[in-house]
Amino acid sequence: MAEVGRAAVRGPGALLPGGFWAAVAVWLERPQVANKRLCGVRLDGRRRAVLPRTEARGRRSGCGPEDGPGPGQRSPEGGPGGRPSAGPERPQGRLQHGEDKGKAAAAPLLAGPPGQPGQAAVGADGFPAADLDSLWDDFSRSLVRDNQDMLAFLAGPGTGSQPEAQHELDVVLRTVIPKRSTQCPLSAPKRDIVVQDVLNGTVTFLPLEEDDTGNLKVKLSNVYQIQLSHIKEEWFISVLIFCPERWHSDGIVYPKVTWLAGELLGKLARWSVESRQSAFKSTLSLISIVKYSKVYQELKEKYKDMVKVWPEVTDPEKFVYEDVAIAAYLLVLWEDERAERGVTAKQSFVDLGCGNGLLVHVLSSEGHPGRGIDIRRRKIWDMYGPQTRLEEDAITPNDSTLFPDVDWLIGNHSDELTPWIPVIAARSSYNCRFFVLPCCFFDFVGRYHRRQSEKTQYRGYLDFITEVGATCGFHVEEDCLRIPSTKRVCLIGKSRTYPPAGEASMDVQRTQYIHRRRGCPQSPPSRAPAPPAPGAAASSAEGPDRCPDSHGAPDVQAEGLWLPGFRPREKAERVRNCAALPRHFVDQVVLQVADLLLGGKQLNPRSSPGGRLKAWNRGESLSLSEVADKLDRETLQRLKRECGGLQTLLRNSHQVFEVLNGTVHIRDWREEKHQKGKHPEAKRTPLSGAFKTRLCWFFTHHPDGCALPSHCCPFAHGPEELRPPRRKRRSCELPPPCEGPAERQAPAPQGCMVSETFPLSSPPPSMGT
C-alpha cells in the first residue's frame with residue numbers, strides 16, 4: 001500500500017473535519033461533478049458495521065511481495081511513499097478526549113438516515129441491486145481468514161495502540177454509472193462498497209467484480225482510500241492505494257492514479273473549506289440515471305442535426321440540447337408513471353408558452369399526443385412535420401383555458417404563466433398533472449418580489465411556486481435537471497393531497513390564496529363573477545389594497561379572468577437593449593462620455609494630422625454614477641426606458657469603452673493585443689469576418705488618433721480601408737464544404753491583432769459613423 005498524493009487544506013480550520021466529510025459526500029453521491037465521464041451513481045444500500053477484531057491471525061494476502069509494495073513501501077509511480085506514520089500527527093481527524101462524537105459525525109455523509117439501509121428498486125435499471133448485508137458479511141470473514149493486510153488498511157493508522165477498540169463504520173453499497181456517448185462505447189455499470197470511518201477520518205472504496213461463479217467479490221487491485229490527517233497544526237488530505245502496481249484504469253469508472261492524486265485530491269481540498277451548502281437537490285433525484293442516460297443519448301443523436309438548420313437568432317446548441325435533455329427527463333418520468341399506474345397509453349400534454357416548439361416536436365415524435373401554444377409564432381415552426389401541433393394564441397387564466405382531457409401541463413420557461421400553471425392544471429381535471437421549469441420571476445400579476453432576504457431570489461421564487469402548487473392541492477416534488485442553464489430546478493405535481501370529492505372546497509382555497517397575493521376582494525372564479533362594488537372601477541387604480549392593471553386594460557373581471565390585472569405579453573417582442581435607439585442619439589452620448597473620460601479635451605471630428613502619437617491619452621476611469629451625474633435629465637430618462645440604460649449603451653459601444661465593476665474607461669486596443677494570448681484557443685480564430693468592415697472610432701474622433709497603426713487595427717482607418725462585410729449564411733442553410741485555398745481570406749499581418757470581439761452575429765457597436 002502506498003500514499004500516491006497529498007494536498008494541504010488551505011482555509012478556515014474551523015470547517016474541518018466536517019468540511020472534509022461534506023467534500024467526501026460529493027464524491028460519493030455526485031461523482032460526475034469531478035469525473036465528467038460518469039453519469040452518476042445509484043445508492044443500493046447502507047448499514048452500520050464494525051471491523052473484525054485485529055488480534056485474529058490469518059494468512060496475509062492481497063499485496064504481498066509478488067503483488068505489490070507492502071506497508072511503508074513507495075509507489076513505483078513516484079508517489080510520496082507509504083501511509084504516514086502515526087508519530088507527531090493526529091490521525092485523520094480522530095476525536096480528541098472529550099470531543100463530541102455526534103459533532104464530527106454531523107457532517108453530511110450520505111442522503112438518508114444513518115444506520116438504515118437504503119433500498120433501491122431491484123431491476124429498475126436493468127440489473128438488480130445486490131444485497132449489502134451478505135456482501136459485507138462475506139467480506140468481513142475473508143478479512144480475518146485470508147487478508148490481514150486489507151484489514152490493517154481499513155483500520156487506519158493509530159489503531160495499533162488500541163487493538164481492542166471497536167467503533168461503528170458507515171458502509172454504503174453503490175452502483176457507479178458511466179456516461180453514454182457515441183465516441184465512448186457504453187461501459188457496464190460498476191458496483192463498489194464505500195466504508196466511512198468518521199473517527200479515523202478515512203473513507204475506503206472497495207470495487208466489486210464478479211468471479212467465475214457470478215458472485216461479487218472485492219477487486220483488491222483497485223482499492224483506494226482517502227484520509228484526513230492533522231500534522232503540526234495543519235490539515236492534509238491524502239490518497240492511498242492498496243495495490244498501486246496492480247492498479248487497472250479504464251479511464252472512466254477507474255481513473256488513472258495521477259488523476260486521483262491530482263485532480264480529485266485538489267477538488268476535495270477545495271470543497272473541504274467551502275462553507276456553501278446547496279439549497280437544491282442533486283440532479284435527477286426522481287428518475288433512474290441509467291434510463292435517462294440511455295434516452296438522452298438516443299435523442300441527442302436523433303435530433304443533433306437541428307443545430308445545423310436552426311433559423312432562430314438564439315444559440316442553437318444551448319436550446320437544442322437543453323430541450324432534448326428536458327424531453328429525455330419527461331420521457332423517463334412518464335415511463336415510470338405508466339409502470340406505477342399499470343397503463344400502456346402514453347400521456348398527453350400541452351406546453352404553455354412553448355416558444356420555439358422543439359420540446360413539443362420531440363415529445364410528439366416520441367409518441368406522446370400533445371400540442372404547444374405560444375403568443376408568437378417562430379420561424380422554426382415551419383420546419384416541423386404535421387405531427388407537431390403548434391398554435392399561435394395568447395393564454396389568459398380563465399375558464400376557457402382549461403384542458404380537461406390532457407394528462408400533463410408543461411411550463412418550460414413560461415414566464416408570466418409559471419405561477420398559473422398549477423392553478424390551470426388543478427382546475428382542468430382531477431387527473432391533470434404539471435411540470436414547470438421556472439426561469440424569470442413572475443407573480444400572478446406582474447413581477448415577483450422577494451419577501452425573505454435570507455434566501456436568494458431564485459430559491460424564494462421556487463418556494464413560492466411550490467407553495468402555489470401545494471395550495472392547489474398537489475404533492476409538489478423538486479428535482480434538478482442536467483441542462484446548460486443556471487435555472488435548472490423543476491417542480492412537478494403528480495398527485496393530489498385531497499380526494500376528488502373535496503374539489504369544491506379546495507377550489508375556494510385556491511381562489512382565496514390567489515386574491516390574497518394581490519390584496520383583491522375575494523370572489524369565486526369567473527364561473528360566476530361577482531359584480532364590482534359601486535365605485536370600484538374608479539378606485540381600482542388607487543390604494544395598495546387594490547389590483548391595478550399596470551397596462552391600462554379594461555375591466556378584466558368582465559372578461560372572465562380569474563384575477564384582475566393579468567395581461568399576457570405583447571405579441572410583438574419589444575427590443576429593450578438600446579439597439580433600437582436612433583444612431584445619432586447613441587453617437588451623441590458616446591461623444592459626451594468620451595469627452596468626460598478624456599478630461600474635457602476637445603474631440604477631433606477628423607483624424608489627427610500627425611497620425612498616432614507616442615503619448616496617447618487614455619483618459620481616466622469614472623463610475624457609472626459619476627457619468628450619469630454629468631448627463632442631462634432628458635438623456636437619462638430616455639436611456640432609463642431601455643433595459644439596462646446607460647450601462648447597456650456603454651457596453652454595446654465596446655469598441656470605445658470598457659465597463660468593469662461599475663466603472664467605465666476608454667478601451668486601449670494595445671492591451672487587447674496582449675490579453676488575446678490569455679483567451680482559450682477554442683475561442684480564438686485567426687481571422688474574423690468583421691476585420692476592417694467598420695470605421696475606427698479613435699481614428700475619427702480621438703484627439704490623438706488611433707493607438708494602433710493601420711495595419712494592426714481591426715477597424716478601418718478611413719473609408720478607403722473598408723472591406724465589404726462577408727455575407728451571413730442563412731441559418732437554415734446547411735454548412736458548405738470546406739473552402740479551398742483560393743476562397744480563403746488573406747491572413748492578417750503577422751504580429752497584429754485581428755478582430756475577435758465583433759462576430760457577424762452580434763450587433764455592430766456604436767462608432768459615431
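These are my notebook entries on a predicted model of a protein chain.

**Entry 1: the whole chain**

I started with the overall tally. The protein chain has 18 helices and 18 strands. I then looked up burial: of the 769 residues in the chain, 50% are buried. For contacts with a separation of 6 or more, I found that 72% are between residues 24 or more positions apart.

**Entry 2: the largest nonpolar core**

Next I went for the nonpolar cores. The largest one holds 45 residues, and I noted Leu-299, Tyr-329, Leu-363 and Phe-435 as the members that touch the most others. Which elements give two or more residues to this core? I listed three helices, α6 (289-303), α7 (316-341) and α8 (358-365), plus the strands β12 (408-412), β13 (433-437) and β15 (489-496). The largest share is from α7, which puts in twelve residues.

I followed up on Leu-299. Leaving aside residues up to four places away in sequence, Leu-299 touches Val-324, Ala-327, Ala-328, Leu-331, Val-362 and Glu-366. There is also a second core, separate from that one, with 38 residues; Phe-403, Ala-425, Ala-426 and Tyr-513 are among them.

**Entry 3: α6 against α8**

I looked at how these two helices pack. The angle between α6 and α8 is about 110°, and their axes are 12 Å apart. Because 65 to 115 degrees counts as roughly perpendicular, α6 is roughly perpendicular to α8. I have the crossing of α6 past α8 down as right-handed.

Which residues meet here? On the α6 side I found Leu-299, Lys-302 and Tyr-303, and on the α8 side His-361, Val-362 and Ser-365. So Leu-299 turns up again: my contact list for this residue already had Val-362 in it.

**Entry 4: the surroundings of α8**

I stayed with α8 and checked burial. Seven of its eight residues are buried, so α8 is largely enclosed by the rest of the structure. The buried ones run Leu-358, Leu-359, Val-360, His-361, Val-362, Leu-363 and Ser-364. What do they pack against? I got the helices α6 and α7, along with the strands β9 (349-352), β10 (370-374), β11 (389-392) and β12. After α8 comes Gly-367, and I wrote down its phi as positive, near 100°.

**Entry 5: β4 and its two partners**

I moved on to strand β4 (residues 190-197). Seven of the eight residues of β4 are buried, so this strand is largely enclosed by the rest of the structure too. On the β3 side (residues 169-178), I found seven bridges to β4, with the strands antiparallel. One pair I looked up there is Val-176, whose bridge partner in β4 is Lys-190.

On the β5 side (residues 202-210), six bridges join β4 to β5, again antiparallel. Ile-193 stands opposite Leu-206 of β5. The hairpin of β4 and β5 has four residues between the strands, and Gly-201 has a positive phi near 70°.

**Entry 6: the sheet of β16, β17 and β18**

Last, I looked up a sheet further along the chain. It is open, with three strands in the order β16-β18-β17 and antiparallel pairing. Which strands are at the edges? I found β16 (622-623) and β17 (657-660), each pairing on one side only. Four bridges join β17 to β18 (residues 663-666), and these two run antiparallel. The pair I picked out is Val-659, bridged to Val-664 in β18.

Conventions
Residues are numbered from 1 along each chain as its sequence is written. This is a predicted model: local features need pLDDT of at least 70, side-chain atom pairs count only at pLDDT 80 or more; totals for chains, interfaces and linings use all residues. Side-chain values use heavy atoms; hydrogens and water are left out. Two strands pair if DSSP finds at least two bridges between them. A nonpolar core is a set of buried Ala, Val, Leu, Ile, Met, Phe, Trp, Tyr and Cys residues joined through side-chain atoms within 4.5 Å. Buried means under 20% relative accessible area, exposed over 50%, partly exposed in between (1.4 Å probe, protein chains only). Contact means heavy atoms within 4.5 Å. Axes are lines fitted to C-alpha atoms, for helices over the stretch in contact, and angles run from 0 to 180 degrees between N-to-C directions. Angles under 35 degrees count as roughly parallel, over 145 as roughly antiparallel, 65 to 115 as roughly perpendicular and the rest as oblique. A crossing is left-handed if the near helix is turned anticlockwise from the far one by less than a right angle, and right-handed if clockwise.
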